[in-house]
Amino acid sequence: MLSIGIRLSFDDFTLAFKRPLPLSVGFIAQYLLKPALGVLVAKAFCLSPTFYAGFILTSCVAGAQLSSYASFLSKGDVAVSILLTSFTTIASVIVTPLLTGLLIGSVVPVDAVAMSKSILQVVLVPITIGLVLNTYAKPVVTILQPVMPFVAMICTSLCIGSPLALNRSQILSKEGLQLVLPVLTFHAVAFAVGYWISKVPAFR
């Protein structure tokens, strides 16, 4: 997040706030299209009740901070991505329990305090530090910029790799491997739908 922040300015966020349509489309896609897609994929692969519940729960949670880094790498609108991630994460305190109650019949509570701390620590603080450095300490940013993409890549790899390593035995078990194809299908379809929705002229 710091590597992203040092490349942003306050004007980027001002511009993002002035364009509510991309944020609205992203929010709707996050909490309507993604859960609907999760239900379709889970039913198509006839997942067991336990896996079905877990799959739907995963489909009903907000996008993670890595989506902002993906936007940064693909030269997308990073400010919009950061705002969308923050808004959907805050809304998940209310929306995720409602969706899980509706789709799997049991309410999964979300810890609002823990969620707020997570947003503050992982997104807002490093982004703000980066913005301040980019605005008031250009010489420091000049030194940091060449190094930060490499540091960010290492951190991202650790963020993805550590939970995989901790759950290696479950992932490589017979039951775990049954989830590989549904998960790949879900992501492939979600990326394709998201890409084509963003190509609609009215949304651009």
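**Exercise 1. In which helix does Pro 22 lie, and how is its exposure classed?**

Residues are numbered from 1 along each chain as its sequence is written. The model is predicted: local features need pLDDT of at least 70, side-chain atom pairs count only at pLDDT 80 or more, totals for chains, interfaces and linings use all residues, and side-chain values use heavy atoms, with hydrogens and water left out.

Step 1. Pro 22 lies in helix α3. Helices are DSSP runs (H or I, at least four residues), numbered from the N terminus.

Step 2. The relative accessible area of Pro 22 is 24%, so Pro 22 is partly exposed. The classes are buried (under 20% relative accessible area), exposed (over 50%) and partly exposed (in between), with a 1.4 Å probe and protein chains only.

Step 3. The C-alpha atoms of Pro 22 and Ser 81 are separated by 9.4 Å, with the two positions 59 residues apart along the chain.

**Exercise 2. Place Lys 34 and list its contacts.**

Step 1. Lys 34 lies in helix α3, residues 20–44.

Step 2. Lys 34 counts as buried because its relative accessibility is 18%.

Step 3. Leaving out residues up to four places away in sequence, Lys 34 touches Ala 29, Thr 58, Ser 59, Val 61 and Phe 186. Contact means heavy atoms within 4.5 Å.

**Exercise 3. Compare two annotated spans with the model.**

Step 1. The unreviewed UniProt entry gives "transmembrane region" for several spans, including residues 20–42 and 119–137. Such positions are in the numbering used here, feature names are shortened, and annotations may be inferred rather than shown by experiment.

Step 2. Residues 20–42 are 100% helix and 0% strand, and their end C-alpha atoms lie 32 Å apart. Strands are DSSP runs of E, at least two residues.

Step 3. Residues 119–137 are 95% helix and 0% strand, with the end C-alpha atoms 25 Å apart.

**Exercise 4. Describe helix α9: its span, buried residues and packing.**

Step 1. Helix α9 (residues 148–166) has 19 residues and reaches 27 Å from first to last C-alpha, close to the 27 Å expected. The expected span is 1.5 Å times one less than the number of residues.

Step 2. Met 148, Ala 152 and Thr 156 are the buried residues of α9. An α-helix has 3.6 residues a turn, so residues three or four places apart point the same way.

Step 3. The buried residues of α9 pack against α1 (2–5), α5 (66–73) and α8 (138–144).

Step 4. Ile 160 lies in α9 too, and it is partly exposed because its relative accessible area is 42%.
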